[in-house]
Amino acid sequence: MRIAFLAVLLAGAVYYTYVAFADFDFLTRTGRLGPGFFPRVIGVSAIVLILWTMADQMRATREPGGGARAWRDAVTLIGLAVGYAVLLRLFGGFVATILYLGIALTILNPGNPLKNAMLAILVPGGVYLLFDRILNANMPPALFNLPI
């Protein structure tokens, strides 16, 4: 069943990547990165990650056990995704991503508090600098504005 889901997801990623390469320019007339740059990176990355996940899933189906843990992890990830959507609306992209990554990494990667804290702060910080400061693309707005 998971392989079928991943196959459908792969088809969507391939179509997305096709549209990114066919309809959007990689560079603008002035030589700057164009509207096709990030969709191409995201599309190719999605294809690679889905193929990797499919291979990992095929390898895991040969090994016994792991069914109950997989369901627990799936329910945890669904709950975290719903929580992130609520946090995103309340606190905006930057703060919500820090909170989401902090909580998710604490649950899914216990025993590494320093690494979890660094990732929870550095990844959203890098995304914020890239999109908000360098590319001048706004992060999702917040219902409550926190002074940052």
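The following exchange between a biologist and a modeller walks through a predicted model of one protein.

Biologist: Which pattern does the protein follow when read along the sequence?
Modeller: In this predicted model, the protein contains 4 helices and 0 strands. Read from one end of the sequence to the other, the pattern is therefore written with helices alone, given the 4 helices and 0 strands, and it is α-α-α-α.

Biologist: What percentage of the residues of the protein count as buried?
Modeller: The accessible surface of the protein comes to about 10,800 Å², and 71% of that belongs to carbon and sulfur atoms. Taking buried to mean under 20% relative accessible area, the share of the 148 residues that count as buried is 19%.

Biologist: Which helix supplies the largest share of the largest nonpolar core?
Modeller: That core is made up of 5 residues, namely Leu6, Leu10, Ala13, Ile50 and Met54. At least two of its residues come from each of helix H1 (2-23) and helix H2 (37-61). Met54, leaving aside its neighbours within four places in sequence, is in contact with Ile3, Leu6, Ala7 and Leu10. The largest share of the core, 3 residues, is supplied by H1.

Biologist: What accessible area do the residues of the nonpolar patch on the surface have together?
Modeller: The patch is formed by Leu77, Leu99, Ile103, Ile107 and Leu108. One of these residues, Leu99, is placed in helix H3 (residues 67-108), and Leu99 counts as partly exposed because its relative accessibility is 35%, which lies between the cut-offs of 20% and 50%. Together, the residues of this patch have an accessible area of about 410 Å².

Biologist: How far apart are the end C-alpha atoms of H4, and what span should its residues give?
Modeller: H4 has 22 residues, and at 1.5 Å a residue they should span 32 Å. The distance between the end C-alpha atoms agrees with that expectation, being 30 Å.

Biologist: Is Asp132 buried or exposed?
Modeller: Asp132 is placed in helix H4, where Asn116, Ala120, Pro124 and Gly125 are listed along with Asp132 for their accessibility. Leaving aside neighbours within four places in sequence, Asp132 is in contact with Val127, Ala137, Asn138 and Met139. Because its relative accessible area is 16%, under the cut-off of 20%, Asp132 is buried.

Biologist: Which residue forms a salt bridge with Asp132?
Modeller: A search of the whole structure finds 1 salt bridge, and in the bridge formed by Asp132 the closest N and O atoms are 3.9 Å apart, a distance within the 4 Å that the criterion allows. The partner is exposed, with a relative accessible area of 56%, whereas Asp132 is buried at 16%. That partner is Arg133.

Biologist: Which residue with a positive phi follows H4, and near what value is that phi?
Modeller: Helix H4 covers residues 113-134, and the residue with positive phi comes after the helix. The residue is Asn136, and its phi is near 55°.

Biologist: What distance separates the C-alpha atoms of Leu143 and Phe91?
Modeller: Leu143 is placed in the segment after helix H4 (113-134) and counts as partly exposed, because its relative accessibility is 48%. Leaving aside neighbours within four places in sequence, Leu143 is in contact with Arg89 and Leu90. Leu143 and Phe91 are 52 residues apart along the chain, and their C-alpha atoms are separated by 6.2 Å.

Note on methods:
Residues numbered from 1 in each chain as written. Predicted model: local features only at pLDDT ≥ 70, side-chain atom pairs only at ≥ 80, totals over all residues. Heavy atoms only, no water. Buried < 20%, exposed > 50% of the residue type's maximum accessible area, 1.4 Å probe, protein only. Contact = heavy atoms within 4.5 Å. Patch = residues over 30% accessible without salt bridge, like charges linked within 9 Å, V, L, I, M, F, W, Y side chains within 5 Å. Areas by Shrake-Rupley, 256 points an atom, 1.4 Å probe, with all protein chains shown as cover. Salt bridge = Lys/Arg side-chain N within 4 Å of Asp/Glu carboxyl O. Core = buried A, V, L, I, M, F, W, Y, C linked by side-chain atoms within 4.5 Å. Expected span 1.5 Å × (residues − 1).
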